[in-house]
Amino acid sequence: MVISGVGVGALSLLTALPDGPAPKAIPVEVPAGSDFEGKREDKEPVLPGGETAPAPGTSPRIETPPAEGGAPVNEDATQPAGRPETDTPDNTLTPPDDGAPVTADAETDSAPNPATDVQQPSTPEGDDARISTDPAQPAAPDTPEDKAFPEEEPKDDTTVDASPAAEDGEPPAPPKRAEPLPSVTDDTVADNRPRIGTPVGTLTDKDDTEEPAAAPEPESAPEPPIVANAAPFDNPEGKPLMSIVLLDDGTSDIGLDALAAFPYPLSFAVNVLAKDAAERMARYRAAGFEVMATIDMPAGATATDTETLLRGALDQMPQTVAVMEGDDTGLQTSKPVSDQVAAILAQSGHGLVLFPKGLNTAQKLAAKEGVPSATVFRDFDAKNQKAAIIRRFLDQAAFKARQEESGVIMLGRLRADTISALLLWGLQDRATSVALAPISALLLGAQN
């Protein structure tokens, strides 16, 4: 068989040769019978035999070293000592027989232990030599101590008078009869001794003792105007609140007879600049309506101007429950004005109604000062709306009231169309879904 090609060694040799023509492959002849391509026979593997393990020998033993000097160890000395035995003591105390005296000669030979033995007093001899079971009594002192409460000894009717001795040559004075002292064991107690339950008198006591005057009861604080001037209101079903406020600028000719027949409460805001503002307030209060004082601060007003104008308005209209800003300049012209209004109303106890403005900062600051306050939800007839439009606004307010926890305030004016729309709306079903309340109830509910 001829194998063409070269081996690995020849290939490495060829790579080391200089550049030139590649060498030619020469066929290699394989002699016959060389079994070059023969198969290798499979045979059983022969494993080498294992080495034999060494035989185990005896374990080493530690010998006891001999004693010094070469002397053997005494086996008895290495054994544990036995438990010591004690004999019964020769001299022990035995309980004496009944009636047998115990003498002082019966002592033990053993020395007394100061930690456990207590020295006993010597036993007397004779008949009194018996052991007594009574507790030991302390020895009597040489001199008797004075008793805190000496026992009274019975005395004769006559006692020796402790008067000074008579002078030489004069006979002694006859003894005086002493008054008997009250006995502690008497059934009756002497009058000059304090009795149980009777206070001991003092030098400052007087015969005619006067009872202390009763402390005056503290006067209850007066109710704030928002409570004292409020109209009665009850909401047993807990319906959402809705207040209707009507502005009275002094130009309306609608009489109280038409308003008194209203089926639900109304609140009126009277302008303090009107000529008969105090008279209008009194008429509304006499008819059972709640009244608010309407005021506008002039532009450029300061905190001092606000205090002067607002306190004057409250003094002029004392039966009001709250203050409402007017629809002209109002009470939110500047922050000093709004802060001064909140401070005065927090002191006077009135409520506050404002128009919505921005984030309602003035109303929130007033509420923070403790003033019952709220903002108007909608002015429903500012543009002389007709009765149909006013009723639609009232329906929207009733729906909004169910979403607001503090209720809503609707603002109108004393106009014929407004009064007609309010009467017709009060007969509809939508009006029954809310509780039409006076303004004080809504403000106090908003505060809580």
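Me: Before I look at any single residue, what does buried mean here, as opposed to exposed?

Reply: A residue is called buried when its relative accessible area is under 20%, exposed when that area is over 50%, and partly exposed in between, with a 1.4 Å probe and only protein chains considered. By that rule, buried residues make up 25% of the 448 residues in the protein. Please keep in mind that this is a predicted model, in which local features need pLDDT of at least 70 and side-chain atom pairs count only at pLDDT 80 or more, while totals for chains, interfaces and linings use all residues. Residues are numbered from 1 along each chain as its sequence is written, and side-chain values use heavy atoms, with hydrogens and water left out.

Me: How many helices and strands does the protein have?

Reply: Helices (H or I, at least four residues) and strands (E, at least two) are DSSP runs, numbered from the N terminus. Counted in this way, the protein has 10 helices and 11 strands.

Me: Which strands pair with β4?

Reply: Two strands are said to pair if DSSP finds at least two bridges between them. Strand β3 (residues 241–248) runs parallel to β4 and is joined to it by 4 bridges, and Asp-248 has Val-270 of β4 as its bridge partner. Strand β5 (residues 290–295) also pairs with β4 in the parallel sense, over 5 bridges, and here Ala-269 has Met-292 of β5 as its bridge partner. Strand β4 itself, residues 267–271, is mostly covered, with 4 of its 5 residues buried.

Me: What unit do β4, helix α4 and β5 make?

Reply: A crossover is right-handed if, with the strands pointing away from the viewer, the path from the first strand over the helix to the second runs clockwise. Strand β4, helix α4 (residues 277–286) and β5 make a right-handed β-α-β unit.

Me: Where on helix α7 do the buried residues lie?

Reply: One looks at the arc of the directions from the helix axis to the C-beta atoms. In α7, residues 361–368, the buried residues are Ala-362, Gln-363 and Ala-366. Seen down the axis, they fall within an arc of 100 degrees, so they line one face of the helix. Lys-364 and Lys-368, on the other side of α7, are exposed. The cover over the buried residues includes α6 (335–348), β7 (351–354) and β8 (373–375).

Me: Which residues of helix α9 are buried, and what do they pack against?

Reply: In α9, residues 416–426, Thr-418, Ile-419, Ala-421, Leu-422 and Trp-425 are buried. They cover an arc of only 165 degrees around the axis, which puts them on the same side of α9. These buried residues pack against β3, α3 (256–260), α8 (387–401), β10 (408–413) and β11 (435–436).

Me: Which residues touch the most other members of the largest nonpolar core?

Reply: A nonpolar core is a set of buried Ala, Val, Leu, Ile, Met, Phe, Trp, Tyr and Cys residues joined through side-chain atoms within 4.5 Å. The largest one has 54 residues, of which Met-242 and Trp-425 touch the most other members. Helix α8 gives this core its largest share, 7 residues. A second, separate core of 21 residues includes Leu-241, Val-321, Phe-355 and Leu-411.

Me: Where is Asp-381 placed, and which residues does Asp-381 touch?

Reply: Contact means heavy atoms within 4.5 Å. Asp-381 is in the loop between β9 (378–379) and α8, and at 1% relative accessibility it counts as buried. Leaving out residues up to four places away in sequence, Asp-381 touches Ile-390, Leu-411, Gly-412, Arg-413, Arg-415 and Thr-418. Its C-alpha atom is separated by 9.1 Å from that of Asp-417, 36 residues apart along the chain.

Me: What should I know about the sign of phi?

Reply: Most residues other than glycine have a negative phi. Asn-384, in the loop between β9 and α8, has a positive phi near 55 degrees, and this residue is exposed, with a relative accessible area of 52%. Asn-360, in the loop between β7 and α7, also has a positive phi near 55 degrees. Just after α7, Gly-370 takes a positive phi of about 95 degrees.
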